[in-house]
Amino acid sequence: MAAPFRFRILQHGPAGSPVREPLTPGDPKPGWVRLELKAMALNHLDLWTTEGIPGVRLPLPLTPGSDGAGIIEAVGEGTVLPPGLEAGGSAMIAPGLSCGVCPACLRGDDMLCPSYGVLGHVCDGTAATHVLVPAANLVPIPPNWDFEQAAAFPLVFLTAWEMLVHKAALRPGETVLVWGGGSGVGSAAIQLVRALGGSAIAVVGSEAKAMKCWDLGAEHVLVRDDLKALAAKVRELTGKRGVDVVFEHAGAATWSTSMAACARGGRVVTCGATTGPETPFSLQALFAKQIQIRGSYMGRREHLWTLLALLRKNPTNPPFRPVIDCVFDLAEYPAAQRHLEAGQGFGKVVCRVS
Ligand SMILES: [Zn+2]
């Protein structure tokens, strides 16, 4: 194995600008563990962390990367591991960090903790051969999954589950418009909508991506060209009613179409704004159609265990799985960032530690 190394954001710059440097793996403090990473997966957060977010001060230099899976190599003194895990065994990482003792944490709403942050954004993350994380952030790898699948799973599935189940309160038989069906979070949402008894109308940028959305269980797939025509198509597919839920993460480019495509009494749930955060919209549409808008960020760590339980019930035919677009070597992490930014892939961009 190559000598330990990590990538670091020394100063904010374009995608692909993190710099490789040697790493001396640190010892975990009490309550923490050191993971020898076997795989990590990228998220748009890696790009925002690298490029910098206006008004957000990050602790540079910083190793990006929120998702990862590997071997529990060292355990801090007196640390208790979650059920089913042991030193020397494998685990995947829940990416959210919180204090564990405030009222929000105690009721399980860890992403509402005042000190909530995401691995690789507020502290050194997984674009490295080794990472230190709290033991409470370890989760067993689902049955029959390799490290790459495990690394590609937590952040996007946790986000999509929180949006669909807890923010939108999706009910069986309802219809969900999923923007960016080829993205990591979009490909997770299509599968979860089906698993929860709903129907997904996926939106993608090309015919090639459309085929893959069908395979994931989308009821309808629309290729995004003219957004006005797209809203009309959604009304046609839903008997002029519109969709019950809009799964938003694109933001400025799609928001007014999301409002137009939403049914009376429907819900628009958003977890991001990859095309920009500022958008005008009609308050008239909001009140006249009685639309509920819900913001969502990550998800409860507990729900990764819920998803694991669902996967363990049917290990040979899992109801959902991460979609992996391509696998880079970790040494190629900057190239993996540039590939993600180009947006031409379908599913998660993963780095393998060889
Ligand atoms: Zn807390």
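**Exercise 1. Where does Asp110 lie, in terms of helices and strands?**

Solution. The model is predicted.
- Step 1: place the residue. Asp110 lies in the loop between helix 2 (103–106) and strand 7 (117–118).
- Step 2: classify it. The cut-off for buried is under 20% relative accessible area. Asp110 has 7% relative accessibility, so it counts as buried.
- Step 3: list its contacts, leaving out residues up to four places away in sequence. Asp110 touches Ser98, Ala104, Cys105, Tyr116, Gly299, Arg300 and Arg301.

**Exercise 2. Work out the strand order and the edges of the open sheet of 6 strands.**

Solution.
- Step 1: read the order. The open sheet runs 12-11-10-13-14-15, and its pairing is parallel.
- Step 2: find the edges. Strand 12 (220–223) and strand 15 (292–295) each pair on one side only, which makes them the edge strands.
- Step 3: add the twist. From one strand to the next, it averages 20°.
- Step 4: examine one edge. Strand 15 pairs with strand 14 (residues 262–270) in the parallel sense, over 4 bridges. Take Arg267: its bridge partner in strand 15 is Gln292.

**Exercise 3. Determine which side of helix 6 is buried and what it packs against.**

Solution.
- Step 1: locate the helix. Helix 6 (residues 207–216) lies across strand 11 (199–204) and strand 12. Its angle to strand 12 is about 165°.
- Step 2: pick out the buried residues. They are Lys209, Ala210, Cys213 and Leu216.
- Step 3: check their directions. These residues cover an arc of only 115° around the axis, so they sit on the same side of helix 6.
- Step 4: recall the geometry. An α-helix has 3.6 residues a turn, so residues three or four places apart point the same way.
- Step 5: look at the other side. There, Glu207, Ala208, Met211 and Asp215 are exposed.
- Step 6: name the packing partners. The buried residues of helix 6 pack against helix 5 (184–195), strand 11 and strand 12.
- Step 7: follow the chain onward. Just after helix 6, Gly217 has a positive phi of about 105°.

**Exercise 4. Test the protein chain against the radius of gyration of a compact globule.**

Solution.
- Step 1: set the expectation. For 354 residues, a compact globule would have a radius of gyration near 20 Å.
- Step 2: compare. The protein chain has 20 Å, which agrees.
- Step 3: add the spans. Along its principal axes, the C-alpha trace covers about 60 × 40 × 40 Å.
- Step 4: add burial. Of the 354 residues, 54% count as buried.
- Step 5: check the contacts with a separation of 6 or more. Residues 24 or more positions apart account for 71% of them.

Conventions: Residues are numbered from 1 along each chain as its sequence is written. This is a predicted model: local features need pLDDT of at least 70, side-chain atom pairs count only at pLDDT 80 or more; totals for chains, interfaces and linings use all residues. Side-chain values use heavy atoms; hydrogens and water are left out. Two strands pair if DSSP finds at least two bridges between them. Helices (H or I, at least four residues) and strands (E, at least two) are DSSP runs, numbered from the N terminus. Axes are lines fitted to C-alpha atoms, for helices over the stretch in contact, and angles run from 0 to 180 degrees between N-to-C directions. Contact means heavy atoms within 4.5 Å. The radius of gyration is taken over C-alpha atoms; the globule rule is 2.2 Å times the number of residues to the power 0.38. Buried means under 20% relative accessible area, exposed over 50%, partly exposed in between (1.4 Å probe, protein chains only). The arc is that of the directions from the helix axis to the C-beta atoms.
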